[in-house]
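Trainee: I would like to go through this model with a few short questions. Please show it first.

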Amino acid sequence: MTKTKSFMKSWIETPSGSDFSLENIPFGIIEYQGRRGVATRIGDTVVRLSVLAHHGFLGFLTGDQLQVFEAPELNPFIGLGKAVTREVRLRLQELFREGNSALQSRADVCRQAFIPVREAVMRMPVRIGDYTDFYSSIEHATNVGKMFRDPANALLPNWRHLPVGYHGRASSIVLSGTPIHRPKGQTRPADEGPVVFGPTKQLDFELEMAFITNGSTPLGSSIPVEKAEDYIFGLVIFNDLSARDIQRWEYVPLGPFLSKSFGSIISPWVITLEALEPFRIDGPTQTPEPLPYLRQSEPANFDIQLEVALQASGCRPQSICKSNFGFLYWSMAQQLAHQTVAGCNIQVGDLYASGTISGSEPDSYGSMLELCWKGTRPLKLPDGSERTFLLDGDSVIIKAYAEKQGLRIGFGECETTILPALP
Ligand code: CA
């Protein structure tokens, strides 16, 4: 049974069960009267931080630091570092807290700063410099290995020793709500048959989360695993759309290329690591024990529930997958330590995706490829139609939230609709 604790209350109306409780305080970018700026959200109210800064409510920041809220992306704010961004989050919590009238009594400021969420136009939160996609779910890697290689040796020999990943394409990462055209490419439908060109016939989603870095490091340096979280600002939901038939033909020997670079979608609000702290858990036992540079002594996973819904055109959304960020074999800290161990520098606003997050049960698989087991187990939708991969007009909606004992920290949703291939 769930016990309900009493948590901080806000004088700003917050519907019960809202992802955006007073404990959350996410950061994002809105466009308002033709200008972009930094915002947070509480309940169904979006708050423009430049207005609060202008009126002295973030007075502990210096002149230059106050400018970051007027930037069209979060990078300058994030780049102030965790000591400052943490302070801003705590200050906002304090201002919004029931019983604190400092902001509440300033109706003039509230009128300028507060926007109902239905009227807020969200924009890409971050200018993403570099993007890495990991492959850190043992269940996903095992499923894919079973389907495409050898069921008896599904995991390749390196998998339990290092967080496998590849450098992806940052330019095609877009905001939730952006539709994506079905990609075209080369495939070889039959093993020894002809190579053909055309729209993918195996369009898939990948249920992932991604973290965003807040610092820059010099080339040649590396980030120790025990310090890695200091460089992680927060997380978003990530849908790494994939064309399986194109992927299968092109990926040898250097890995995915065009099959993964035609559109990946992120959710608009970045949820900070601090907000997720109450949901820290141990990850799966790692066997064999990782090499010392990847070894962790403290819990480094987070219990975040994930849900995917598929919505055919004109139908209601149907839940097709329930998974959990905590299933990941390799933690974010291990991913970042590994990313930098050879001397690769990182920058403010880099994005590191987890890889598809599957659980052990068939309804927790984080892609159509696995849910329908390579096309052999079709999903039934409410309109009676079946799917083994995504069709034109289908929407994929991913939700993520952490919840326990009445405390809820949510990410909102990450949505995209598939459009027909362009001529
Ligand atoms: Ca992926």
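Mentor: A charge sits over a ring if NZ of Lys or CZ of Arg is within 6 Å of the ring centre and within 35 degrees of the ring normal. Keep in mind that this is a predicted model.

Trainee: Over the ring of which residue does the charged end of Arg408 sit?

Mentor: The cut-off for the distance to the ring centre is 6 Å. The charged end of Arg408 is 4.0 Å from the centre of its partner ring. That ring belongs to Tyr401.

Trainee: Which spacing do the donors of the calcium ion follow along the chain?

Mentor: The protein donors are Asp133 (OD), Glu206 (OE), Glu208 (OE) and Asp240 (OD), at 2.2 to 2.3 Å from the ion. Read along the chain, these donors give D-x72-E-x1-E-x31-D.

Trainee: How many residues apart in sequence are the parts that Asp133 and Glu206 tie together?

Mentor: Both Asp133 and Glu206 are buried. Asp133 lies in strand β6 and Glu206 in the loop between β12 and β13, so the pair ties together parts whose separation in sequence is 73 residues.

Trainee: Are the rings of Trp11 and Phe114 stacked or edge-to-face?

Mentor: The whole structure holds 11 aromatic pairs. For Trp11 and Phe114 the ring centres are 6.0 Å apart and the planes meet at 25°, so the pair is stacked.

Trainee: What is the relative accessible area of Tyr365?

Mentor: The rings of Tyr365 and Trp373 have centres 6.2 Å apart and planes at 40°, so this pair is tilted. Buried means under 20% relative accessible area. Tyr365 is buried because its value is 9%.

Technical notes: Residues numbered from 1 in each chain as written. Predicted model: local features only at pLDDT ≥ 70, side-chain atom pairs only at ≥ 80, totals over all residues. Heavy atoms only, no water. Donors = N, O, S within 2.8 Å, 3.2 Å for Na, K, Ca; no water. Helix = DSSP H or I, 4+ residues; strand = E, 2+ residues; numbered from the N terminus. Buried < 20%, exposed > 50% of the residue type's maximum accessible area, 1.4 Å probe, protein only. Phe/Tyr/Trp six-rings, centres within 6.5 Å; stacked < 30°, edge-to-face > 60°.
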